[in-house]
Amino acid sequence: MREFDCVNGTPRSPAVARTRTRRLVAAGGDEGFVQVWDADTGRTVHHLCVEGGRAAVAMGGPTERVLIAASALREGAGTVRVWDAHSGRALRRLPVRGRTNGLGFGAGVNALALGGGDGRCFLAAAVEDGTVRIWPAHGGGRRQRTRSGRRYGGHRRMAWSVAVGRAGERLVVVSGGSEGRVIVRPADGRGRTYQRDEVTDWARCVDIARVGSQDLIAVARDHHNPGIPDVFSSITVVDAASGESCYGLFPSAPRG
């Protein structure tokens, strides 16, 4: 339908959102740059910047107050910046503090997610040190005071992927780790945290969405089979409420 040229290096973490007046596409680039396009015209509407290297990007929120969040890895540390998607105005700067763990992973941000409903919106970050950070992303017009967010552990290595969505009537944050664990926790911190999958292989990407009347979680994995030299991929879909597997897809199946 349309091709977008990223002038800031290799595009990363593409995100889409609809505001009151237009549909937007955003992507992070190298050196912490973020480019935002009008999806209908292909015209660049914002050039944004967050300190650091490759930028992770997320967009979300109600159409009257869509937010753009970005963070870039910089010497094992991370900072999340938040902008108004309509005007491009800077709203918040959120430092991601943490210590390097025993595996040498610091507080750099690998992935971001924005989502919510019923007047609430949450921003979540998957962090190198195996933690997930969650902030309420309210859309007030005044500049929000910097907050460190809630910090949750659970991943044995890096937290690599994250998504925000709904499981039944509850807003949840789903995170995937480089050790393979997938964790589902309430976005507001009130309630029980669930581990929805066994520790197996790298959970490279996670997402959650409502399909019909069912809330589903999709997990894309990289598999390493000791008997097969190739790395192959799979996508597992599970019911967000029960954790039961629905089906699996193998776009890159092992040979032999």
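What follows is a conversation between a student and a tutor about how the labels on this predicted model are earned.

Tutor: Some ground rules: this is a predicted model, where local features need pLDDT of at least 70 and side-chain atom pairs count only at pLDDT 80 or more, while totals for chains, interfaces and linings use all residues. Residues are numbered from 1 along each chain as its sequence is written, and side-chain values use heavy atoms, with hydrogens and water left out.

Student: Happy with that. What makes β2 and β3 a pair of strands?

Tutor: Strands are DSSP runs of E with at least two residues, and helices are runs of H or I with at least four, both numbered from the N terminus. Two strands pair if DSSP finds at least two bridges between them. Strand β2 (residues 23–28) and strand β3 (residues 33–38) have five bridges in the antiparallel sense, so they count as paired. One of the bridge partners is easy to look up: Ala27 sits opposite Gln35 of β3.

Student: Which order do the strands of that open sheet follow?

Tutor: The order is β1-β2-β3-β4, four strands with antiparallel pairing. At the edges stand β1 (12–18) and β4 (44–49); each has a single partner strand, so one side of each lacks a neighbour in the sheet. From one strand to the next, the twist averages 15°, with axes being lines fitted to C-alpha atoms (for helices over the stretch in contact) and angles running from 0 to 180 degrees between N-to-C directions.

Student: Why is the contact of Arg22 with Asp38 called a salt bridge?

Tutor: The rule asks for a side-chain nitrogen of Lys or Arg within 4 Å of a carboxyl oxygen of Asp or Glu. For Arg22 and Asp38 the closest N and O atoms are 3.2 Å apart, so the pair meets the rule. Arg22 is in the loop between β1 and β2 and Asp38 in strand β3, 16 residues apart, which links distant parts of the chain.

Student: How do you know whether Arg22 and Asp38 are buried or exposed?

Tutor: Buried means under 20% relative accessible area, exposed over 50%, and partly exposed in between (1.4 Å probe, protein chains only). Arg22 has 22%, so it counts as partly exposed, whereas Asp38 has 8% and is therefore buried.

Student: What makes Asp40 and Arg23 a salt bridge?

Tutor: Their closest N and O atoms are 2.3 Å apart, so this pair also satisfies the distance rule. Asp40 lies in the loop between β3 and β4 and Arg23 in strand β2, so parts 17 residues apart in sequence are tied together. Both are partly exposed: Asp40 because its relative accessible area is 38%, and Arg23 because its value is 36%.

Student: How many salt bridges are there in the structure?

Tutor: There are nine. Among them is the one between the side chains of Arg210 and Asp215, at 2.8 Å from N to O. Arg210, at 47%, is partly exposed, while Asp215, at 8%, is buried. Elsewhere, salt bridges with shared partners join Arg120, Arg170 and Asp188 into one network.

Student: How many aromatic pairs does a search of the whole structure find?

Tutor: Two. Rings of Phe, Tyr and Trp (its six-membered ring) pair if their centres lie within 6.5 Å; planes under 30 degrees apart count as stacked, over 60 as edge-to-face and the rest as tilted. Phe4 and Trp37 have centres 5.3 Å apart and planes at 45°, which makes the pair tilted. Phe4 is in the segment before β1 and Trp37 in strand β3, 33 residues apart. At 25%, Phe4 is partly exposed, and Trp37, at 3%, is buried.

Student: Why is the pair of Trp160 and Trp202 called edge-to-face?

Tutor: The centres are 5.4 Å apart and the planes make 80°, so the pair falls in the edge-to-face class. Trp160 lies in strand β13 (residues 159–167) and Trp202 in strand β17 (residues 202–211), so the pair ties together parts 42 residues apart in sequence. Trp202 itself is partly exposed, with a value of 24%.

Student: How do you know how many disulfides there are?

Tutor: A disulfide is a pair of cysteine sulfur atoms within 2.5 Å, and by this rule the count is zero. As for cysteines, Cys205 is partly exposed at 43%, and Cys246 is partly exposed at 36%.
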